[in-house]
Amino acid sequence: AALGAGEISVVYQPMHSPDGGTVGCFEALARWEHPERGFVPPPEFIKIAEENGLVGEVTRQVLDKACRDCATWPGDVSVSVNLSAIDLGSRTILDVIRGALENSGLDPWRLQVEITETMLVDDRESTARILRRIRAMGVQTALDDFGTGYSSLSYLDSLPLNKVKVDRSFVRKVAVERRARDLLHRLVGLCRTIGLEVVVEGVETEAQLDVIRETGEVAWVQGYHFSKP
Ligand code: G
Ligand code: MN
C-alpha cells in the first residue's frame with residue numbers, strides 16, 4: 001500500500017572532496033513516511049520489503065526518482081543508489097536500471113550503484129556477472145560499508161568495482177588513536193594500489209577530516225561533518 005500511495009521518498013547526502021570545495025555525488029537514501037507511525041527508518045522497512053518480495057519495487061522507485069532528480073542537477077554531479085542483495089540475484093535489475101536511465105535521460109556515468117559486502121556471500125560468480133553487465137551500461141559500481149560484514153579482501157579483486165566506501169567504524173577513533181589512524185591510512189592505500197577510488201563514510205568531526213586529508217588519497221568524504229542526509 002505504501003508503495004502504491006507513493007509514501008517512499010528519497011533524501012540525499014552529499015559526498016564532498018576532502019577540502020570541502022566540491023560535491024561529486026549524492027547518495028540517495030529511502031524514507032518511508034507512514035501516515036500514522038511517522039518516519040519509518042530503512043533498516044526496518046527494507047528488511048520487511050525483502051521478506052515480502054517487495055524490495056524490487058522499492059529499488060525501482062528509488063532508482064527512478066534518483067535519476068530524475070540527478071538529471072536536474074549540475075552536469076558534473078552524480079547520484080548513488082543502494083541495491084539490495086535480492087536485486088543482484090536476478091537479471092531484472094538490468095531492465096530496472098535501463099528503465100530509470102531512459103525515463104530520466106540521465107547519462108549512465110552519472111549513476112552509481114552501491115552494494116554491501118554482506119549481500120555478496122550467496123553467489124559471488126553470479127553477482128560479479130550482473131555487476132559486469134551493469135558496468136557495461138556505463139554505470140559506476142561501489143562497494144558499500146567496506147570492512148564490515150562477512151566478506152574478505154578478495155572481493156576487491158574478484159568484483160568489477162570503481163569505488164570502495166570505507167565503513168564509518170574505521171573513522172570513529174582516528175583522531176584519538178594512533179592505531180586507528182594507521183589502519184585507516186593503510187586501508188585507503190590498499191584500495192588505491194589496485195586502482196579503486198576511495199570514499200570515507202561517517203566523518204563527523206573536523207579532527208577526523210584532518211586525518212583523512214593527511215592520507216592524500218581519499219577522493220570523497222561523506223558524513224555529518226559536511227551534511228546530514
Ligand atoms: O550503509 P550506508 O552507508 O548506505 O548507510 C547510510 C546511512 O548512514 C544513512 O542512513 C545515513 O543517515 C547514515 N549516516 C550518514 N552519515 C553519517 C555519519 O556521519 N555518522 C553516522 N553515525 N551515520 C551517518
Ligand atoms: Mn550506501
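A polar contact is taken here as a pair of N or O atoms within 3.5 Å; within protein, one atom of the pair must be able to donate a hydrogen and the other to accept it. Under this criterion, the side chain of D19 reaches the backbone nitrogen of G21 at 2.7 Å. The structure described below is a predicted model.

D19 is found in the loop between strands β1 (8-16) and β2. The side chain of D19 is also joined to that of S17, through a polar contact of 2.6 Å. D19 is classed as exposed because its relative accessible area of 59% lies over the 50% cut-off. With respect to the rest of the chain, D19 and L209 are 190 residues apart in sequence, while their C-alpha atoms are 8.9 Å apart in space.

The metal site was examined next. Four residues supply the protein donors of the manganese ion (ligand 2): E27 through OE, N82 through OD1, E114 through OE and D144 through OD. The distances from these donors to the ion run from 2.1 to 2.4 Å. Along the chain, the donors of the manganese ion follow the spacing E-x54-N-x31-E-x29-D. Distant parts of the chain are thereby linked by the pair N82 and D144, which are 62 residues apart: N82 belongs to strand β4 (residues 78-82), and D144 to strand β6 (residues 140-146).

The donors differ in their exposure class where this was assigned. N82 has a relative accessible area of 28% and is partly exposed, whereas D144, at 4%, is buried. E114 is likewise buried, with a relative accessible area of 0%. The assignments follow from the cut-offs, because buried means under 20% and partly exposed denotes the range between 20% and 50%.

E114 is placed in strand β5, and in addition to its role as a donor of the manganese ion, its side chain makes a polar contact of 2.8 Å with the side chain of S80. Q112 is also found in strand β5, which spans residues 111-116. The side chain of Q112 makes a polar contact with the side chain of S80 at 2.8 Å and a further one with the side chain of K163, also at 2.8 Å. Q112 counts as buried because its relative accessible area is 1%. The side chain of S80 thus has polar contacts with the side chains of both Q112 and E114.

Ligand 1 takes up the space of the largest pocket. Around this ligand lie 14 residues, of which E27, R168, E201, E204 and Y224 come nearest. Strands β2 (23-34) and β6 each supply at least two residues of the shell around ligand 1. Several polar approaches to the ligand were identified. A nitrogen atom of ligand 1 is 2.9 Å from an N or O atom in the side chain of Q13. An oxygen atom of ligand 1 lies 3.0 Å from an N or O atom in the side chain of D144, and an oxygen atom of the ligand is 2.8 Å from a polar backbone atom of Y224. On its own, ligand 1 has 530 Å² of accessible area, and 76% of this is covered by the protein. Two residues connect the descriptions of the two ligands: E27 is a donor of the manganese ion and is among the residues that come nearest to ligand 1, while D144 is a donor of the manganese ion whose side chain also has an N or O atom 3.0 Å from an oxygen atom of ligand 1.

Strand β6 also contains D145. Most residues other than glycine have a negative phi. In D145, by contrast, phi is positive, with a value near 50°. D145 is partly exposed, its relative accessible area being 23%.

Two further loop residues were characterised. P35 lies in the loop between β2 and β3 (38-40), and at 60% relative accessibility it counts as exposed. P35 and E7 are separated by 28 residues in sequence and by 8.4 Å in space, C-alpha to C-alpha. A85 is placed in the loop between β4 and α3 (92-104); at 31% relative accessibility, A85 counts as partly exposed. A85 and V171 are 86 residues apart in sequence, with a C-alpha to C-alpha distance of 25 Å in space.

Conventions:
Residues are numbered from 1 along each chain as its sequence is written. Chains are lettered from A and ligands numbered from 1 in the order in which they are written. This is a predicted model: local features need pLDDT of at least 70, side-chain atom pairs count only at pLDDT 80 or more; totals for chains, interfaces and linings use all residues. Side-chain values use heavy atoms; hydrogens and water are left out. Donors are N, O and S atoms within 2.8 Å of the metal (3.2 Å for Na, K and Ca); water is not among the atoms, so sites may look incomplete. Helices (H or I, at least four residues) and strands (E, at least two) are DSSP runs, numbered from the N terminus. Buried means under 20% relative accessible area, exposed over 50%, partly exposed in between (1.4 Å probe, protein chains only). A residue is near a molecule or strand if one of its heavy atoms lies within 4 Å of it. Accessible areas come from the Shrake-Rupley method with a 1.4 Å probe; for residues, only the protein chains shown count as cover. On a 1 Å grid over the protein atoms alone, a cavity is a set of points where a 1.4 Å probe fits but cannot get out, and a pocket is an open set with protein on both sides within 12 Å along at least five of seven lines; lining residues have an atom within 4 Å of a point. A molecule sits in a cavity or pocket if more than half of its atoms lie within 2 Å of its grid points.
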